[in-house]
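Colleague: I would like a close look at a single part of this model. Please take one loop residue and work outward from there to the elements around it.

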Amino acid sequence: MSQTLNIRHVTRYNYDDAPAYGLQQLRLSPLDGPSQRVIDWDVSVEGGTVQSVSTDEHGNRVHLVRLGSDGDSLIVTSAGMVEVGDVNGVIGPHTDVAPLWLYLRNTPLTEASLGLSKLLEDLQDGDAPSRLHNLSRRIRDRVAYTVGATTAETTADGALQLGQGVCQDHSHIFIAAARALGHPARYVSGYLSMDDRVDQDATHAWAEAHVDGLGWVGFDISNGHSPDTRYVRIATALDYAGAAPISGSLRGGTNEQIAVELRVAQGVSQSIQQ
């Protein structure tokens, strides 16, 4: 079975003085895959111009946006419907342009540490999926979900030492640990439909590890289960920096203010058509 999710995601940037120049990369377009089918999707921009649309090495669709030189605001809207099926978190074989071994490489956000070594103690028993689920549980037990305790620059080691973090931090710790166990691992940004609300504060993040015989398998460490029909995958990368929904650089501009509106609503259940 599957269900259709209706999503509308608006990000507004306002400035007291407009930037002289700016480029933003948008990774806000879900793609068809084993767990989802895009029924309708659109990305629009006000206060800037889409310079190109391309595919990066991880298979993500990327819009390159140039900010208007005389504008003091930028509004990015992504919206549409995605049909999502429950594949028990299994995405399957690796198909990215980037080679599988690349996902064993740590980044500044996912560097291994002494704390990580302690996290991995006694995790050698059982098959690979069981070890990874145990790892996910251990991270959730040791790093409390706490909004505002960390930032986008917080490393896996920093969050582990602090003992607090959000889904981004849980994912970075899991990725670092999975790689230490010999599993290629990657960061996933996306949307999560919550059962008790439609309006949300932010996008969601989880991790995927590559398991021999299964391929890529998803783990939502913060919620303690694998992704199901409530999850829409948007982008993947080695860490948050490569999968962030919006990233870029500005020259000039003062007092940047950011406001996000996100609605994720569940639709009528149906069966996925391949």
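Modeller: Leaving out residues up to four places away in sequence, Asn223 touches Leu192, His204 and Tyr231. This is a predicted model, and everything below is computed from it. Asn223 sits in the loop between strand 13 (215-219) and strand 14. With a relative accessible area of 38%, Asn223 is partly exposed. The side chain of Asn223 also makes a polar contact, at 2.8 Å, with the side chain of Asp220. As a reference across the chain, the C-alpha atom of Asn223 is 31 Å from that of Ser44, and 179 residues separate the two along the sequence.

One of the residues touched by Asn223, Leu192, leads to Gln200. The backbone oxygen of Leu192 lies 2.7 Å from a polar atom of the side chain of Gln200. Gln200 belongs to strand 11 (residues 199-200). Its relative accessible area is 8%, and the cut-off for a buried residue is under 20%, so Gln200 counts as buried. Setting aside neighbours within four places in sequence, the contacts of Gln200 are Leu192, Ser193, Met194, Leu262 and Val264.

Next, the strands on either side of the loop. Strand 13 and strand 14 both belong to an open sheet of 5 strands, whose order is 7-13-12-10-14 and whose pairing is antiparallel. The edges are strand 7 (90-92) and strand 14; each has a single partner strand, so one side of each lacks a neighbour in the sheet. From one strand to the next, the twist averages 35°.

At one edge, strand 14 pairs with strand 10 (residues 185-192) in the antiparallel sense over 6 bridges. Within that pairing, Gly190 stands opposite Arg233 of strand 14. Although strand 14 is an edge strand, all 7 of the 7 residues in strand 14 (residues 231-237) are buried, so the rest of the structure largely encloses this strand. At the other edge, strand 7 and strand 13 pair, again antiparallel, over 2 bridges. There, Val90 has Val217 in strand 13 as its bridge partner.

Two helices lie across strands of this sheet. Helix 2 (residues 128-142) lies across strand 12 (204-211) and strand 13, and runs at about 150° to strand 12. Helix 4 lies across strand 10, strand 12 and strand 13, at about 15° to strand 12. Of the 14 residues in helix 4, 13 are buried, so helix 4 too is largely enclosed by the rest of the structure. Its length can be checked: at 1.5 Å a residue, the 14 residues of helix 4 (residues 167-180) should span 20 Å, and the end C-alpha atoms are 20 Å apart, which agrees. Gly182, which follows helix 4, has a positive phi, near 95°.

Finally, the chain that holds these parts. It has 5 helices and 16 strands. Buried residues account for 48% of its 274 residues. A compact globule of 274 residues would have a radius of gyration near 19 Å, and the chain has 19 Å, which agrees. Along its principal axes, the C-alpha trace spans about 60 × 45 × 40 Å. Among contacts with a separation of 6 or more, 76% are between residues 24 or more positions apart.

Notes. Residues numbered from 1 in each chain as written. Predicted model: local features only at pLDDT ≥ 70, side-chain atom pairs only at ≥ 80, totals over all residues. Heavy atoms only, no water. Buried < 20%, exposed > 50% of the residue type's maximum accessible area, 1.4 Å probe, protein only. Helix = DSSP H or I, 4+ residues; strand = E, 2+ residues; numbered from the N terminus. Pairing = 2+ DSSP bridges. Expected span 1.5 Å × (residues − 1). Contact = heavy atoms within 4.5 Å. Polar contact = N/O pair within 3.5 Å; in protein donor to acceptor, adjacent residues only side chain to side chain. Axes fitted to C-alpha atoms, helices over the stretch in contact; angles between N-to-C directions. Rg over C-alpha atoms; globule rule 2.2 N^0.38 Å.
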